[in-house]
Protein chains: 2
Amino acid sequence: MSEPTMGRRERKKAATRQAIADAALRLFLERGYDHVSIRDVAEAADVSVTTVFKHFSGKEALVFDQEESMDAGLVAAVRERPAGGGVLDALKEHVLRTWLPVAQHPQRVEFNRLVDSTPALRAYAERMWVRHAGTLAAAIAGEFGVEHDNLACAALARFVLDAPALAQGRRDHRSAIEEIFEILANGWQPPHRPAPGT
Amino acid sequence: MSEPTMGRRERKKAATRQAIADAALRLFLERGYDHVSIRDVAEAADVSVTTVFKHFSGKEALVFDQEESMDAGLVAAVRERPAGGGVLDALKEHVLRTWLPVAQHPQRVEFNRLVDSTPALRAYAERMWVRHAGTLAAAIAGEFGVEHDNLACAALARFVLDAPALAQGRRDHRSAIEEIFEILANGWQPPHRPAPGT
DNA sequence: TAAAAAAGTGTAATCTGTCAACTTAGTTAT
DNA sequence: ATAACTAAGTTGACAGATTACACTTTTTTA
């Protein structure tokens, strides 16, 4: 799907965008986010500052080059879920499939450290998920034939999209996600005391 | 507690802060958040730009002058809850008591419209609540004698603090909050179709 | 091939936020 | 009361992010 659909123009555009994103990530990892200016990035990618802003909406967006439209994925997960399966299970599987690999990729350890240690990026990353809450809520509501802004659906969407942020930084991402979805499915129960001596 | 504790100095400082906040809110409501610069605010309050930043951490903070440390209130709600009562109920009551009056105050209609129509302020308001998730999570965990970062407690804290954002913009704030806590207590259930013809 | 469309450039401007050195006024100890 | 101290505020300069604008180059297309 790449060769005939993209003319020279779009190919060059994509290349420029990629060059900017690569240069940005490299510099950020080298010097830290706050010690790299947009000008630095532009020069490293050999483009002008204005070009950077034509490709990215702001400095934070330079870091999250890839994870863009997961709207489609979320909606598909809900709509094309296995017959007879619940929406909750479908969303759990989707989160496990799409988020786990990214979060656990060993080449991303330094990337995650960069994000974690930069307040602006932490905030951006959190909002990145929650920003899709509206779309997901509408998709869920559509499945049940209720108003697109049905409160229960909006709440579920929001809670589900909180899951990655909550699981972030836990030892076992997978079981963390499962525990969160367990709460959403059956309600919150007071935790029991851990075995003494741990 | 106000007269003897505050000398002239602190009184003047508080007055300056209030003058800045008042000028800011007035201008924001008049012209819209994005069409007012910090310089405008400073001039309207007859102080220098740097003074504004000495009192407020940033432009958004000018709008949320009042609602600052609710950490203490959240922790108290959990710790001093009625004997035998569940944490969930205590938190629900606390949200209803502290958030409802503010959100419904009729004098705040234009204020809410300002926040709602300004993306930067929307984001700030949302984070304002979620920012206390760590404190609340630790308080809940403390009540049950588990590790301070217990996942179930962190998840509950987060979900509870999502409630105001979710209830915002609904017709009936109170029942919205109650519906959200119902989900947290008993799990999410698919919504039923609304009566046709509404 | 010429016009339209898109990508990119350079400049200048605005705005947020920070910094350092200075002034002023309130507080405190003598 | 007065000198020394301290916190609040001022001023001016500055860096970085972001936008607007007018211009050039390249690709596409009629």
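How many nonpolar, polar and charged residues make up the surface near DNA strand D? That surface divides into four nonpolar, eight polar and eight charged residues. Here Ala, Val, Leu, Ile, Met, Phe, Trp, Tyr, Cys and Pro count as nonpolar, Asp, Glu, Lys and Arg as charged, and the others, Gly among them, as polar.

The model is predicted; local features need pLDDT of at least 70, side-chain atom pairs count only at pLDDT 80 or more, and totals for chains, interfaces and linings use all residues. Residues are numbered from 1 along each chain as its sequence is written, while chains are lettered from A and ligands numbered from 1 in the order in which they are written.

Chain A contains eleven helices and zero strands. Helices (H or I, at least four residues) and strands (E, at least two) are DSSP runs, numbered from the N terminus. Along the sequence, the pattern of chain A reads α-α-α-α-α-α-α-α-α-α-α. The C-alpha trace of chain A spans about 55 × 50 × 30 Å along its principal axes.

DNA strand D is surrounded by 20 residues. A residue counts as near a molecule or strand if its C-beta atom, placed from the backbone, lies within 6 Å of it. The closest to strand D are Gly7(A), Ser37(A), Gly58(A), Thr16(B) and Thr51(B). Helices of both chains take part: α1, α2 (38-45) and α3 of chain A and α1 and α3 of chain B each supply at least two residues of this surface. The largest share, four residues, comes from α1(B).

DNA strand C is surrounded by 21 residues. Thr16(A), Thr51(A), Gly7(B), Arg9(B) and Ser37(B) are the closest. From chain A, α1 (8-31) and α3 (49-55) each supply at least two residues of the surface near strand C. From chain B, α1 (8-31), α2 (38-44) and α3 (49-55) each do so as well. By class, the surface near strand C has five nonpolar, eight polar and eight charged residues.

The protein chains also touch each other. In this interface, 32 residues of chain B are in contact with 32 residues of chain A. Two residues are in contact if their C-beta atoms, placed from the backbone, lie within 7 Å. On the chain B side, α7 (119-130), α9 (151-167) and α10 (173-186) each supply at least two residues. The largest share, ten residues, comes from α9(B). By class, this side has 21 nonpolar, four polar and seven charged residues. The copies meet through the same surface, because 100% of the interface residues of chain B are also interface residues in chain A.

Chain B superposes on chain A by a rotation of 180° with 0.1 Å of shift along the axis, at an RMSD of 0.4 Å. The two copies are thus related as by a two-fold rotation axis. Superposition is by least squares on the C-alpha atoms of residues with pLDDT of at least 70 in both copies. Among the residues of chain B, Gly187(B) comes closest to the rotation axis, at 2.0 Å (C-alpha).

Helix packing was examined within each chain. Axes are lines fitted to C-alpha atoms, for helices over the stretch in contact, and angles run from 0 to 180 degrees between N-to-C directions. Angles under 35 degrees count as roughly parallel, over 145 as roughly antiparallel, 65 to 115 as roughly perpendicular and the rest as oblique.

In chain A, the axes of α1(A) and α2(A) come within 8 Å and cross at roughly 125°. The two helices are therefore oblique to each other. Their contact joins Ala19(A), Ile20(A), Ala23(A), Ala24(A) and Leu27(A) of α1(A) to Asp40(A), Val41(A), Ala44(A) and Ala45(A) of α2(A). These residues divide into eight nonpolar, no polar and one charged.

Further along chain A, the axes of α10 (residues 151-167) and α11 (residues 173-186) come within 9 Å and cross at roughly 155°. α10(A) and α11(A) are therefore roughly antiparallel. Leu156(A), Phe159(A), Ala163(A), Leu166(A) and Ala167(A) in α10(A) meet His173(A), Ala176(A), Ile177(A), Ile180(A) and Leu184(A) in α11(A). Nine of these residues are nonpolar, one is polar and none is charged.

In chain B, α5 (residues 87-104) packs on α10(B) at an angle of about 155°, with the axes 10 Å apart. That makes α5(B) roughly antiparallel to α10(B). Residues of α5(B) in the contact include Leu88(B), Val95(B) and Leu100(B). On α10(B), Ile177(B), Phe181(B) and Leu184(B) are among them. By class, the contact has nine nonpolar, two polar and two charged residues.
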